[in-house]
Amino acid sequence: MQSRVTTPRTLLAARRQAFGPGVAEPPPPILRSWERCAALGLDFGQRPRVEPLTAAEMRAAFDRSEALRQSCRPEIEALHAEAQATGSLVILTDADGLILDTLGSDSFAGRAAQVALRPGVPWSESLTGTNAIGTALIERRPVEVRGRSIISSRTGS
């Protein structure tokens, strides 16, 4: 039996929910993400479950990623001023989409924390559905996802 989220009709419903009627098709990386999420049985109508790791899990994950965090720190700090100036945030994740560090605009950081864009929260596509972090990791390219009204993909490497 086919899951209700894997049918062409539910993909079309998800597209209409994200873009509204009459809007162009989503970029291929977004459509592929929807197909992957549908195959996993994720429900497009539900908000993603984003739960932070426990303190012990966070310590273990951060310990495993310490070399990555240290090697990326100069680049993150170099991007800090730009992130502040543009009201954005620099986010470092591990290969599984677990947020390790964030740095940038204080006002954006507060809004980001409200949607769980903070250290210790996993953002893999398999857990949270289509999102910039998880989808970019699978697509191996920059991806931009902006809420329900605008979803786009950036080209490049």
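Begin at the second largest pocket of this predicted model, where about 160 Å³ of space is found. To bring its walls into view, select Leu53, Glu57, Ala61, Arg64, Ser65, Asp94, Asp96, Leu98 and Pro122, the residues that line this pocket. Colouring that selection by character will show four nonpolar residues, one polar residue and four charged ones in the lining.

Keep Asp96 on screen and add Ser124, since the two provide a link to the next stop: Asp96 is in contact with Ser124, as are Gly97, Gly129, Asn131 and Gly134, when the neighbours of Ser124 within four places in sequence are left aside. Ser124 itself sits in the loop between helix 5 (106-114) and helix 6 (125-128), and this serine counts as buried because its relative accessible area, 13%, falls under the 20% cut-off.

Now select helix 4, residues 66-86, and display the C-alpha atoms at its two ends, which lie 28 Å apart; this agrees with the 30 Å that its 21 residues should span at 1.5 Å a residue. Following the helix axis, pause at Arg73, where there is a kink of about 45°, shortly before the proline Pro74.

With helix 4 still selected, show the side chains of Arg69, Cys72, Ile76 and Ala83, which are the buried residues of this helix. To see what these buried residues pack against, add helix 3 (55-64), strand 1 (89-93) and strand 2 (99-104) to the display. The tour ends just after helix 4, at Gly87, whose backbone takes a positive phi of about 65°.

How values were computed: Residues are numbered from 1 along each chain as its sequence is written. This is a predicted model: local features need pLDDT of at least 70, side-chain atom pairs count only at pLDDT 80 or more; totals for chains, interfaces and linings use all residues. Side-chain values use heavy atoms; hydrogens and water are left out. Helices (H or I, at least four residues) and strands (E, at least two) are DSSP runs, numbered from the N terminus. The expected span of a helix is 1.5 Å times one less than its number of residues. The bend at a residue is the angle between axes fitted to the seven residues ending there and the seven starting there. Buried means under 20% relative accessible area, exposed over 50%, partly exposed in between (1.4 Å probe, protein chains only). Contact means heavy atoms within 4.5 Å. On a 1 Å grid over the protein atoms alone, a cavity is a set of points where a 1.4 Å probe fits but cannot get out, and a pocket is an open set with protein on both sides within 12 Å along at least five of seven lines; lining residues have an atom within 4 Å of a point. Grid points are joined across faces, edges and corners, and a volume is the space filled by probe spheres set on the points. Ala, Val, Leu, Ile, Met, Phe, Trp, Tyr, Cys and Pro count as nonpolar, Asp, Glu, Lys and Arg as charged, and the others, Gly among them, as polar.
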